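Welcome, and please load the model in your viewer. We will go from stop to stop, with a selection to make at each one.

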Amino acid sequence: MVAKKISTSEKQAICKKLITLLKKRYSATLPKYDRPVLETILHAICLENTTNSQADEVFDSLLAGFHDLNEIRVSTISELESVFKPVDDAEWRAYRIRSVLQYVFDKEYCFNLDSLKKKTLEQAQKQLTRTKTLTPFVINHTLQVVLGSHVLPVDEKILNATKWIGLLSVDECIETASDNLKSSVRKADVPLFSHLLRCLSTDEELAADFNLLKNPLPEEGVELTQAASRLEAMFAKPLSKQKKRVTKKKASAKTKKTKASVKKKVPAKRVKTAAKKSPKKTAKKTVKKATRKTASAKKAVVKKKVTKKKPTTKKKK
């Protein structure tokens, strides 16, 4: 089965429906991205593959834990890594943060990149790609926030979610995902759709559904026209809840079996023997034994008295 080809206008109409559906589940309030350019890049490193709240928390602790950006630049990876423990890839994030600051300081002799705002999209993109440790997500996020460009930043989690929806093909890679995705969304809807995609892809309840290694999609992909109905079905019954129900049923069935087996294994003979060995009967037996012992002891005393020899008396001549 080959996925049906649909036009750009049809894709945009479907994305509009998806935005309406996602707004019902998640907040439509956009996060504030009003930081300077360099801090926007650093925050994007914290934001990749995580939620906005977690990224804000990590970024704030990074700035609060060190005197300034220069101290962060000269710190060790292990010192920076402790800040990123609440999120994944702590060591990799720490290395990228320090590398960006080192690169900017060597080029600009300061920590200011606000000149990027005056450049064209092509010029800004070239400048950002010179920093080797910047991922496609960080570059596109910076271009969208700083210049308002028509780009959709895609990280690994968003990539899996958009494949599941059908916006991207199954074999799409992270390097080309943003370019192939932007035609599906109107420029005016890009900031909101990016925010909602992040909420969807980082939803813990849906993590099992978007784990394409354990739950792979068909090779031909999925129909984008069915995206809205598939999302509604997933929201109603995500895999995480389905697995919990199955495990609960199995556990209850096991407990019933164990109870039944315990009842069957208890033999009737043991119950009878237990009844025979009641405390009243055992007490009677001990009393009988005691009386027998006393009677036998009395008999023994009587015998000893009888068997004693009488003293012999000599007759007088």
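Start by selecting helix α11, which has 12 residues and reaches 16 Å from its first C-alpha to its last, close to the 16 Å expected at 1.5 Å a residue. Keep in mind as you look around that this is a predicted model.

Stay on this helix and show its surroundings. Of the 12 residues of α11, 11 are buried, so the helix is largely enclosed by the rest of the structure. The buried residues are Val-190, Leu-192, Phe-193, Ser-194, His-195, Leu-196, Leu-197, Arg-198, Cys-199, Leu-200 and Ser-201.

Next, add helix α9, residues 156-165, to the selection, keeping α11, residues 190-201, in view. At what angle do α9 and α11 pack? The angle is about 95°, and their axes are 9 Å apart. Because angles of 65 to 115 degrees count as roughly perpendicular, α9 is roughly perpendicular to α11.

Now show side chains where the two helices meet. From α9, pick Lys-157, Ile-158, Ala-161, Thr-162 and Ile-165; from α11, pick Leu-197, Arg-198, Leu-200 and Ser-201. Colour the residues of this contact by character and you will find 5 nonpolar, 2 polar and 2 charged. Leu-197, Arg-198, Leu-200 and Ser-201 are also among the buried residues of α11.

For the last stop, turn to cysteines. How many disulfides does the structure hold? There are 0 disulfides. Select Cys-15, which is buried with a relative accessible area of 1%, then move to Cys-173, which is partly exposed at 33% relative accessibility. Back in α11, Cys-199 is buried.

Methods
Residues are numbered from 1 along each chain as its sequence is written. This is a predicted model: local features need pLDDT of at least 70, side-chain atom pairs count only at pLDDT 80 or more; totals for chains, interfaces and linings use all residues. Side-chain values use heavy atoms; hydrogens and water are left out. Axes are lines fitted to C-alpha atoms, for helices over the stretch in contact, and angles run from 0 to 180 degrees between N-to-C directions. Helices (H or I, at least four residues) and strands (E, at least two) are DSSP runs, numbered from the N terminus. Angles under 35 degrees count as roughly parallel, over 145 as roughly antiparallel, 65 to 115 as roughly perpendicular and the rest as oblique. Contact means heavy atoms within 4.5 Å. Ala, Val, Leu, Ile, Met, Phe, Trp, Tyr, Cys and Pro count as nonpolar, Asp, Glu, Lys and Arg as charged, and the others, Gly among them, as polar. A disulfide is a pair of cysteine sulfur atoms within 2.5 Å. Buried means under 20% relative accessible area, exposed over 50%, partly exposed in between (1.4 Å probe, protein chains only). The expected span of a helix is 1.5 Å times one less than its number of residues.
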